[in-house]
Amino acid sequence: ASPLKERLAQLIPKRREEVKKFRAEHGSDVLGEVTLNQIYGGARGVPALLWEGSVLDPNEGIRFRNLTVKECQEKLPSATHGKQPLPESMFWLLVTGEVPTANEVQALSAEWAARAQLPKFVEDLIDNCPNTLHPMAQLSLAITALENDSVFSKAYHSGVSKADYWQFTYEDSMDLIAKIVPIAGRIYRNLYRDGVVAPIQPDKDYGYNLANVLGFSNNEEFVELLRLYLSIHSDHEGGNVSAHTGHLVGSALSSPFLSMAASLNGLAGPLHGLANQEVLDFLLKMKESVGDDYSDETLEKYLWNILDNGQIVPGYGHAVLRKTDPRYLAQRDFALEHLPEDPMFKLVSRLYEVVPRVLTKHGKTKNPFPNVDSHSGVLLQYYGLKEQTFYTVLFGISRTLGVMAQLIWDRALGLPIERPKSFSTEVLKKRIEKA
Ligand code: NMX
Ligand code: MLT
């Protein structure tokens, strides 16, 4: 038996009742209006989605089930000798809204390890990818292929009751979270190492096992970094491209595997999750150009050159945030504790002082401060994970936790197929003239 599934089975009937009553009493209440600019402007700020796991405040940043990043670090169970939240703790929190006990977390570690075996054909599929195929494309391909064993798809086609969909979604989600680790390990080891992937250790936690399949588990500090990384990248409310895509595709009752593959394809875009790869490229190029000269004058000149060429500064700006991302700050705290003298961290630190000034003067971006992707690469490269084309895969593993937590609730609450209304410019013009 899965303690998390048992807890969900207790929570779901109450939540269904709560939502039913809420909708019966307030279903027609108005929450906002939509302007023409929002239709042309990426639906920014339109209140249109239900997302239980987290809510984003423009100034404060993310709260996971009402806990800030710092509160998660304080309250969520960590490893025996660690202090960062375990991704298992974060998943439990996202799914139930509750802080788990150490025993509950341990059960989750064991369950994920037990589900991690890959079908042979998925291993072959990854092994047959050309090494020119980006790791995110390989990841998405392998996750799509897990559809072969989807219990949700089988249950749907065998005609199970809608009320039970969540149970099969849960089973697929747990398999997906477990199997994405050896998939990522295989992609990494094939592309950048000897192709040999260490086996999943049944008595170890998720972060350790990820470090182990990549080949880095002998460094406990790196394992702690991964636990932090996997926890803080998991969820960023529902409107970001990866979360929204997973939710949208899932609303057609596509399985968790197909929904997550779609979500990962969105995460692979440079304005979204691929930005962590772009940031390290940008930092390395900058370092090559400026050497050890981190003066305001040199850095500003370099940045203006980028902006004057019509390019963006990766890792800065955000569609919702208007202050420094607390996930950036959590990674900065980690760097200040473990690698304060690293020259690349020092460059990141200097940019934190210089870029907001330059972007403010440039006058375009609504948020001149750094986001989560601005910091992650510099930490990974410090511990020897230097292949930046792989960085978004780590983001994808983490984001799977948030997208799956919501998909289980989408099915539990019986949310319908998503289908907002669209208009052509001609029709919009007519409607505006009439109004
Ligand atoms: N450097 C230069 N210009 C920027 C930047 C930046 N970092 N951020 C925004 N702008 C520009 C943007 O391109 C737009 O220009 P234009 O009017 O010519 O189209 C203008 O400022 C207004 O954009 P905003 O409304 O501030 O930003 P928007 O909500 O459209 O986009 C991002 C948000 C995150 C896509 C944007 O800030 C960006 O491209 N940042 C760099 C890429 C990045 O770090 N992405 C990762 C985000 C986090 N994640 O993991 O997903
Ligand atoms: C995320 O974590 O998804 C990013 O910060 C992008 C977003 O929230 O729009």
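This passage looks at the surroundings of ligand 1 and at the annotated active-site residues in a predicted model.

Start with the ligand. Its shell holds 20 residues, and those that come nearest are His272, Gly315, Lys364, Lys366 and Asp373. By type, the shell splits into ten nonpolar, six polar and four charged residues. Backbone atoms supply several polar contacts here. A nitrogen atom of ligand 1 sits 2.8 Å from a polar backbone atom of Val313, and a nitrogen atom of the ligand is also 2.8 Å from a backbone N or O atom of Tyr316. Gly315 joins in too, with a polar backbone atom 2.7 Å from an oxygen atom of ligand 1. On its own the ligand would expose 890 Å², and the protein buries 76% of that.

Now for the annotation. An unreviewed UniProt entry lists His272, His318 and Asp373 under "active site". These residues are spread over 102 residues of sequence, yet they cluster in space, with a largest C-alpha distance of 10.7 Å.

His272 belongs to the loop between helix H13 (256-267) and helix H14 (275-290). Its relative accessibility is 14%, so His272 counts as buried. Beyond its sequence neighbours up to four places away, His272 touches Asn240, Val241, Ser242, Gly266, Leu267, Asp373 and Arg399; Asp373 is thus another residue of the "active site" list.

His318 also lies in a loop, the one between helix H15 (296-308) and helix H16 (326-338). With a relative accessible area of 24%, His318 is partly exposed. Apart from neighbours within four places in sequence, its contacts are Leu56, His236, Arg327, Asn367 and Asn371. Closer along the chain, the His318 side chain reaches the backbone nitrogen of Val320 at 2.9 Å.

Technical notes: Residues numbered from 1 in each chain as written. Chains lettered and ligands numbered in written order. Predicted model: local features only at pLDDT ≥ 70, side-chain atom pairs only at ≥ 80, totals over all residues. Heavy atoms only, no water. Near = heavy atom within 4 Å. Polar contact = N/O pair within 3.5 Å; in protein donor to acceptor, adjacent residues only side chain to side chain. Areas by Shrake-Rupley, 256 points an atom, 1.4 Å probe, with all protein chains shown as cover. Nonpolar A, V, L, I, M, F, W, Y, C, P; charged D, E, K, R; others polar. UniProt positions renumbered as here; feature names shortened; annotations may be inferred. Helix = DSSP H or I, 4+ residues; strand = E, 2+ residues; numbered from the N terminus. Buried < 20%, exposed > 50% of the residue type's maximum accessible area, 1.4 Å probe, protein only. Contact = heavy atoms within 4.5 Å.
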